[in-house]
Amino acid sequence: SPSQRLLAYTVDATGFETYDVRFVDLQTGEAMDETLKEVDGGIAWGDDDRFLYYAKMDDTHRPYQLWRHALGTPQAEDVKLLEEADELYWMGFGKTRSGRFLVTQLETKETAEVHLIDLRAAEGSAEAAPRMMAPRERGVLYEVDHLGGDRLAVISTCEGAVNFRLLAAPVPPVGGCSDRGAWEPMCNAGGEAIMPYDEGVYLTGLEAFESALFLEGRRGGYTRVWRIGLTDGVPISPPQEVRFESEACECNVGPNHEFSAETVRLQYSSMVAPQQDLDLDLKGDALTLVKQKEVPGYDPALYETVFDECVARDGARVPISIVRRKGAGGGDAKGPAPMLLYGYGSYGVCIDPSFDYKILPLLDRGMQFAIAHIRGGGEVGRQWYHQQGKFLTKKNTFNDFVDSARHLISAGYTTPEALAINGRSAGGVLMG
């Protein structure tokens, strides 16, 4: 809880993913005589210890109602705040890092609607009621975070921005907004847009702090993290990409709980680097290694990564990530070498070049391991799946995988006799 006196946790005793919420008094260590029955697994405290927010599910196990519980009162007296009747929409919610708002996301794969609840407004007042950011519009997705004061950061696919554009918006008035008229490109104090829309940059998330806004996304097929300096919620610097050891990696903003933090925890991994937890100094740009996952007997100096690109039969450029033991051959090394090529290419899921200890026995025996980031995934942007990798364009997934294999052979990495392929689950259809 905000005071750190109480603990709320959820328990599923049946395996059906229907939960009970239970409470513990951390000062005494004793369980409290209070339980909330049959709720979704997510919970959030209000601005203090008085209220807890949770969701209920319908008969299809879809979260569709948002409820507020006052501690010390029966669950039958809880207040229903929102209900989503459309079975296509899934409800999720969470508290902003600033602590002021509860953000409720109603979303399908292609459309979103967001409601904010001001947790610091007086209970029962009009200011405490949910406020809609903008009504749902088919094909428009958006996410919101609180920059402080009455300023919000938004990423959205509105106005044809397939890969999301960065916007700023005021906190919605009481009663909510009927359109996106107040949304505008995020600008600095001089009115200059700090990050105009770029089709080559795919924004996937935003994380706001008192002195910085972090954007998660993708460029060139790989994950990226950008940092924007803030003063009173207004940008004071253009986006700066955080530089890690390798550009072809899996990186993201890690768990951070303090809005006024002076350092931000980031996470990084590459095909030769086990996961690292790093702290970025917000007063400078120094990255400090806090922890690295231990892999007994592993020496990263013995391995190398190569990043190539296949030009598919229709001209699309498909990234390929390769890891091998140094001196194993293939590509620029002497002669081709055995290779295992992996592909997935479904549902917009990204297969990033992160560390996988399970392939080390193959590498140590002279094999190379490659990932073809084929269409149907989301590595190059939402269009990699939505426009080019599903329905009538699903054939691109298969063509890209075949073309990637042919490229690896023609470029001298391997030979037809020494190439093995692997795909599982939805990727299993690639196996023929």
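How many bridges pair strand 6 with strand 7? The count is four bridges, and the two strands run in the antiparallel sense. Keep in mind as you look around that this is a predicted model.

## The sheet built from strands 4 to 7

Strands 6 and 7 belong to an open sheet of four strands, laid out in the order 4-5-6-7 with antiparallel pairing. Strand 4 (43–45) and strand 7 (79–83) sit at the edges, and each of them pairs on one side only. If you ignore direction, neighbouring strands in this sheet are turned by 25° against each other on average.

Let's walk across it. Strand 4 is joined to strand 5 (residues 51–57) by three bridges, antiparallel again, and here Trp-45 stands opposite Leu-52 of strand 5. Next, strand 5 pairs with strand 6 over seven bridges, also in the antiparallel sense. One pair to look for is Phe-51 with its bridge partner Ala-70 in strand 6. The hairpin these two strands make has five residues between the strands, and His-61 in that hairpin takes a positive phi near 70°. Moving on to strand 7, you'll find Leu-82 opposite Leu-66.

Strand 6 (residues 63–70) deserves a second look. Seven of its eight residues are buried, so this strand is largely enclosed by the rest of the structure.

## The sheet built from strands 8 to 11

There's another open sheet of four antiparallel strands, with the order 8-9-10-11. Strand 8 (90–95) and strand 11 (131–132) are its edge strands; each has a single partner strand, so one side of each is left without a neighbour in the sheet.

For strand 11, the pairing with strand 10 (residues 112–118) is antiparallel and runs over two bridges. Want a spot to check? His-115 has Met-132 of strand 11 as its bridge partner.

## Two pockets

The largest pocket holds about 620 Å³ of space. It is lined by 27 residues, and the closest to its centre are Phe-164, Tyr-202, Thr-204, Gly-348 and Arg-382. Among the elements giving two or more residues to this lining are strand 16 (201–208), strand 17 (212–219) and helix 2 (383–386). Sorted by class, the lining has eight nonpolar, nine polar and 10 charged residues.

The second largest pocket has about 280 Å³ of space. Its lining counts 16 residues, with Asp-356, Lys-358, Ile-359, Phe-369 and Arg-424 nearest the centre. Strand 27 (339–342) and strand 28 (368–372) each give two or more residues to that lining. Here the split is nine nonpolar, two polar and five charged.

Note on methods. Residues are numbered from 1 along each chain as its sequence is written. This is a predicted model: local features need pLDDT of at least 70, side-chain atom pairs count only at pLDDT 80 or more; totals for chains, interfaces and linings use all residues. Side-chain values use heavy atoms; hydrogens and water are left out. Two strands pair if DSSP finds at least two bridges between them. Axes are lines fitted to C-alpha atoms, for helices over the stretch in contact, and angles run from 0 to 180 degrees between N-to-C directions. Buried means under 20% relative accessible area, exposed over 50%, partly exposed in between (1.4 Å probe, protein chains only). On a 1 Å grid over the protein atoms alone, a cavity is a set of points where a 1.4 Å probe fits but cannot get out, and a pocket is an open set with protein on both sides within 12 Å along at least five of seven lines; lining residues have an atom within 4 Å of a point. Grid points are joined across faces, edges and corners, and a volume is the space filled by probe spheres set on the points. Ala, Val, Leu, Ile, Met, Phe, Trp, Tyr, Cys and Pro count as nonpolar, Asp, Glu, Lys and Arg as charged, and the others, Gly among them, as polar.
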